[in-house]
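Trainee: I have just opened this one and would like to go through it with you. Could we start with the overall picture and then look at some details?

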Amino acid sequence: MRVFLGITGASGAPYAARLVEALSGADVELGISASSAGIEVLATELYANPRLSRDETLTRLLERARGGNVTVYEPNDWKSPYASGSAKVDAYVICPCSMGTLGTVASGAMSNLIHRAASVALKEGRRLVLVPRETPLSTIHLENMLRLRQAGAVVLFAAPGFYHGADSIDDLVDFVVGRCLDQLGVENALVPRWGQ
């Protein structure tokens, strides 16, 4: 299975880090691209240093990968396989997904690889999961989410449930990541299934 992970500038770096762990451990070919704001959020929320360089931030993030089938692409790498519908890609996820990215994708604009990959997913009818984390939501946010849902994307809000008996922040992160993996079609046992 081949999956693209875009990381943008919304709060939620622990979700992205856990996705890297889970996807790389699931024998998935994983392509990652992080925007400049995404790098800053990763550096701030995971490593408590917003001034950490792009290279150091990505190096640390990749230490979480459990397999060797992970490739990082620069945001302006238009030669990436994820920039074309002719490449075989099974699923795309943007996590966290800023409202700026969500709005750009909803408008059909493409100024970086993350936007382009999402556009490819929509035009090719492939799985696209967007994981926004914003509150409160404006009418513009809601309309953009509706537009993307109508275009075929899954809007999976970074809103963990508590009914599974979470004891830690990691449990709450796993709840959202588990739901995301389900939408991508990746088997997982991150949280107990309801009724089991």
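Mentor: We will go from the overall fold to the surface and then to the aromatic rings, keeping in mind throughout that this is a predicted model.

Trainee: How many helices and strands does the protein chain have?

Mentor: The protein chain has seven helices and six strands, and along the sequence they come in the pattern β-α-β-α-α-β-β-α-α-β-α-β-α.

Trainee: And how compact is the protein chain for its length?

Mentor: Its radius of gyration is 16 Å, close to the 16 Å that the globule rule gives for 196 residues, so the protein chain is as compact as a globular protein of that length. Taken along the principal axes, the box filled by its C-alpha atoms is roughly 40 × 35 × 30 Å.

Trainee: What share of the residues is buried?

Mentor: Of the 196 residues in the protein chain, 52% are buried. As for the contacts between residues at least 6 apart in sequence, 73% of them join residues at least 24 apart.

Trainee: Switching to the outside, what is the accessible surface of the protein chain?

Mentor: The accessible surface comes to about 9,300 Å², and carbon and sulfur atoms account for 48% of that.

Trainee: What about charges, how far apart are the mean positions of the positive and negative ones?

Mentor: There are 18 positive and 20 negative charges in the protein chain, and their mean positions are 6 Å apart.

Trainee: Now the rings: how many aromatic pairs are there?

Mentor: The structure holds five aromatic pairs. One of them is formed by Y73 and Y82, an edge-to-face pair with 5.6 Å from centre to centre and 75 degrees between the planes.

Trainee: Are Y73 and Y82 buried or exposed?

Mentor: Y73 is buried, with a relative accessible area of 14%, and Y82 also counts as buried, at 1% relative accessibility.

Trainee: Which residues form a cluster with them?

Mentor: F4, Y73, Y82 and Y92 form one aromatic cluster.

Trainee: You showed me one pair, so how are the rings of Y163 and F175 arranged?

Mentor: Their centres are 5.6 Å apart and their planes stand at 85 degrees, so Y163 and F175 make an edge-to-face pair. Y163 lies in the loop between β6 (154-155) and α7 (169-184), while F175 is in helix α7, so the pair ties together parts that are 12 residues apart in sequence.

Trainee: And is F175 buried or exposed?

Mentor: F175 counts as buried, because its relative accessibility is 7% and the cut-off for buried is under 20%.

Conventions. Residues are numbered from 1 along each chain as its sequence is written. This is a predicted model: local features need pLDDT of at least 70, side-chain atom pairs count only at pLDDT 80 or more; totals for chains, interfaces and linings use all residues. Side-chain values use heavy atoms; hydrogens and water are left out. Helices (H or I, at least four residues) and strands (E, at least two) are DSSP runs, numbered from the N terminus. The radius of gyration is taken over C-alpha atoms; the globule rule is 2.2 Å times the number of residues to the power 0.38. Buried means under 20% relative accessible area, exposed over 50%, partly exposed in between (1.4 Å probe, protein chains only). Contact means heavy atoms within 4.5 Å. Accessible areas come from the Shrake-Rupley method with a 1.4 Å probe; for residues, only the protein chains shown count as cover. Lys and Arg count as positive and Asp and Glu as negative; His and the chain ends are not counted. The place of a charge is taken as NZ of Lys, CZ of Arg, CG of Asp or CD of Glu. Rings of Phe, Tyr and Trp (its six-membered ring) pair if their centres lie within 6.5 Å; planes under 30 degrees apart count as stacked, over 60 as edge-to-face and the rest as tilted.
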